[in-house]
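Dear colleague,

Please find below the structure that I am handing over to you. My findings follow it, grouped by region.

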Amino acid sequence: MLSREQIESLSQEFETRTPQEIIQWAADTFWPEIAMSSSFQTQSMPLLHMVTGIRRDIRVYFIDTGYHFWETLMFRERIAAEWTLNVIDLYRDPRWDVFARLHIRTLPLEDPNLCCYLHKVQPMQKALKGAKAWITGIRRDQTSVRAHAKILELQEDGLLKVNPLLNWTKADIKKYMEENNLPQHPLYEKGYRSMGCAPCTIAVGVDDDERAGRWVGRGKVECGLHTEMFAHKDIAEVKQEFRMDVKEMNQR
Ligand code: SF4
């Protein structure tokens with residue numbers, strides 16, 4: 001068990017290490033209580049390639065919100081089959097079903113924070129319960145929130161978030177993709193630089209910011225997986241972030 005001080009010191013040391021070295025350390029230290037998440041978009045391919053090159057059987061969590069582009073689902077199927085990956089799809093808790101059916105078309109527009117919470121944050125929290133480490137693909141150059149992240153981040157519940165690509169840039173991703181001849185998400189060439197759910201993603205220009213097409217006009221840049229929202233395990237602690245009254249939730 002690493003102390004908070006040891007983790008901070010290692011995190012500093014990892015600032016000058018390669019992503020592969022950081023992933024190898026995490027796999028050696030935490031296997032089998034370790035998993036990674038992937039959204040199966042173009043920029044996810046390098047991390048997926050590196051991690052599964054080290055541990056082909058690692059659990060790869062893919063959050064199936066029900067709002068994905070068909071191309072994303074087919075790309076996930078193709079890569080999982082071709083690379084023989086251990087992909088596990090995550091879904092919202094069925095106790096939200098009545099609420100979700102009532103608001104299915106309007107929820108991403110009227111309350112995207114609640115929509116992301118029940119479709120992404122909560123399923124990932126549940127999947128990672130009991131895990132010791134979670135490898136993610138966030139980078140400092142992606143958003144203002146991610147700019148302040150650390151390579152190793154210890155959560156209150158003891159889960160260690162490992163961010164091996166934190167220091168990488170868009171150019172590093174492109175270079176690795178080319179050098180390793182990695183496949184691109186089928187919508188990438190159509191201008192979808194950062195792929196999310198269909199109601200919340202638009203195509204952008206080649207010179208636009210990578211994540212400029214996400215939640216446009218909704219004052220939102222993060223889904224909640226990489227914010228304080230993820231640290232709170234009880235909806236009561238985060239419901240002030242939602243606009244919609246969630247009393248309709250069919251909690252049993
Ligand atoms: S990205 Fe949009 S559709 Fe997907 S879970 Fe978040 S708000 Fe809902």
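**Helix H4 and its surroundings**

Just after helix H4, Thr 84 adopts a positive phi of about 45 degrees. Please bear in mind throughout that this is a predicted model.

H4 itself comprises the 13 residues 70-82. At 1.5 Å a residue, H4 should span 18 Å, and its end C-alpha atoms are 18 Å apart, so the expected and computed values agree. The buried residues of H4 are Thr 72, Phe 75, Arg 76 and Ile 79. These residues cover an arc of only 105 degrees around the axis, and therefore lie on the same side of H4. Among the elements that cover these buried residues are strand S2 (59-63) and strand S3 (86-90). The face of H4 turned away from the buried side carries the exposed residues Trp 70, Glu 77, Ala 81 and Glu 82.

**The ligand shell**

Which residues are closest to the ligand? They are Pro 112, Cys 115, Cys 116, Cys 197 and Cys 200, from a total of 13 residues that surround the ligand. By class, the shell divides into nine nonpolar residues, three polar and one charged. Helix H7 (residues 112-127) supplies the largest share of the shell, namely five residues.

**The largest nonpolar core**

In soluble globular proteins, nonpolar side chains tend to be buried together. In the present model, the largest nonpolar core holds 47 residues, of which Val 51, Tyr 117, Ile 135 and Val 162 touch the most other members. The largest share of this core, seven residues, comes from H7. H7 thus appears in both accounts, as it also gives the largest share of the shell around the ligand.

As for Ile 135, its contacts, not counting residues up to four places away in sequence, are Ile 23, Ala 26, Ile 34, Met 36, Val 51, Val 162 and Pro 164.

**Ala 27 in helix H2**

Ala 27 belongs to helix H2 (residues 19-30). Is this residue buried, exposed or partly exposed? Ala 27 counts as partly exposed, because it has 18 C-beta neighbours inside 10 Å, whereas 20 or more are needed for a residue to be buried and 12 or fewer for it to be exposed. Leaving aside neighbours within four places in sequence, Ala 27 is in contact with Ile 34, Ile 54 and Arg 55. Although Ala 27 and Ala 133 are 106 residues apart along the chain, their C-alpha atoms are separated by 9.0 Å.

With kind regards

Definitions and conventions
Residues numbered from 1 in each chain as written. Predicted model: local features only at pLDDT ≥ 70, side-chain atom pairs only at ≥ 80, totals over all residues. Near = placed C-beta within 6 Å. Helix = DSSP H or I, 4+ residues; strand = E, 2+ residues; numbered from the N terminus. Nonpolar A, V, L, I, M, F, W, Y, C, P; charged D, E, K, R; others polar. Expected span 1.5 Å × (residues − 1). Arc of directions from axis to C-beta. Contact = placed C-beta atoms within 7 Å. Core = buried A, V, L, I, M, F, W, Y, C linked by C-beta atoms within 7 Å.
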